[in-house]
Amino acid sequence: MSTTAKQFPIWAFFLLATNGILMLAVILLILRQQGLTVFSSNTTPVPANQAPSATPELGPRHQLSYQKWVDILKQEAQIAAEQRPPQLSILAGDSLSLWFPAELLPKDRNWLNQAISGETSNGLFKRLNLFDKTQPETIFVMIGINDLIRGVNDQVILDNQRQMMNYLRKSHPKAKIFIQSILPHGAESATWEGREKLLAIPNSRIQQLNQQLKSIAAKERVEYLDLYSLFANQQGNLRPELTTDGLHINPAGYLVWRTALQIYQKGIGGTN
């Protein structure tokens, strides 16, 4: 977390201008999904936490062992628990959440990023206790793509997700918890170094997983945030204008994600 607000960068203004139609479509799609017709926001910005840049630069943490990385996140969570920042939101997941630019996170709250590059659903579940004492208002979880890349079967992924939902509900009874859908990948257009592993995972399988996640979320009484349909093209693949390599998200993609966070966080996603 940071106590100084970041200035909105020039590149972000350019992206906002050039992607205006896309952003409008995203907003309308979310509103249609929720059966609503209006949206307004008049909140005052407050500082966001320090987060990596939108470009997938792994930085010094990537060179750490997994345990050392977990230790750092534990320290950051402890600081948040001690300082009790108002309107705290937590991002939990893998590199997609890790690289969410601080300047693009909604600025009406403070953010604690508890993501690790390459994280799996089992790994995330085992470390959810790190932020038990932080008392967040909202928690956003996105996890699963690394499980698929590593060959984990769907039932194991779903079981891990169910356990995470149950744990978060019990540990944070006053928080609004959002389980975010697994994003599609770029399929044949992907340039990520593990492209062949992506091609072995049909996006139709990810869609089916997301439908099951939505059903589990309803049973566990947590919110389900459908990002898949916002990032997928007509073929069900990750839209090329929103990705760097067919797996990771570029600044335009994070603007789409930010819009979804803002709308759902304002209560459009319902109440717990």
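What do the buried residues of H3 pack against? Keep that in mind while you click through this predicted model.

Start by colouring the chain by pLDDT. The average is 83, and 75% of the residues score at least 70. Now select residues 11-21, where pLDDT stays under 50 and the model has twelve contacts beyond four places in sequence. Then jump to residues 268-272: pLDDT is below 50 here too, and this stretch has 19 contacts in the model beyond near neighbours in sequence.

Next, select helix H3, residues 66-83. Put a distance on its end C-alpha atoms and you get 26 Å, which agrees with the 26 Å that 18 residues should span at 1.5 Å a residue. Show the side chains of Trp69, Val70, Leu73, Ala77, Ala80 and Ala81, the buried residues of H3. Turn the view to look down the axis of H3: these buried residues fall within an arc of 120°, so they line one face of the helix. Swing round to the face turned away from that buried side, and you'll find the exposed residues Lys68, Glu82 and Gln83.

Back to the opening question: add strand S1 (88-93), H4 and S2 to your selection, and you have the partners that the buried residues of H3 pack against. Before leaving the helix, pick Arg84, just after H3, which takes a positive phi of about 50°.

Last stop: Asp108, in the loop between helix H4 (95-98) and strand S2 (110-113). With a relative accessible area of 7%, Asp108 is buried. Show Arg109 as well, and look for the 3.4 Å polar contact between the side chains of Asp108 and Arg109.

Technical notes. Residues numbered from 1 in each chain as written. Predicted model: local features only at pLDDT ≥ 70, side-chain atom pairs only at ≥ 80, totals over all residues. Heavy atoms only, no water. pLDDT = per-residue confidence, 0-100. Contact = heavy atoms within 4.5 Å. Helix = DSSP H or I, 4+ residues; strand = E, 2+ residues; numbered from the N terminus. Buried < 20%, exposed > 50% of the residue type's maximum accessible area, 1.4 Å probe, protein only. Polar contact = N/O pair within 3.5 Å; in protein donor to acceptor, adjacent residues only side chain to side chain. Expected span 1.5 Å × (residues − 1). Arc of directions from axis to C-beta.
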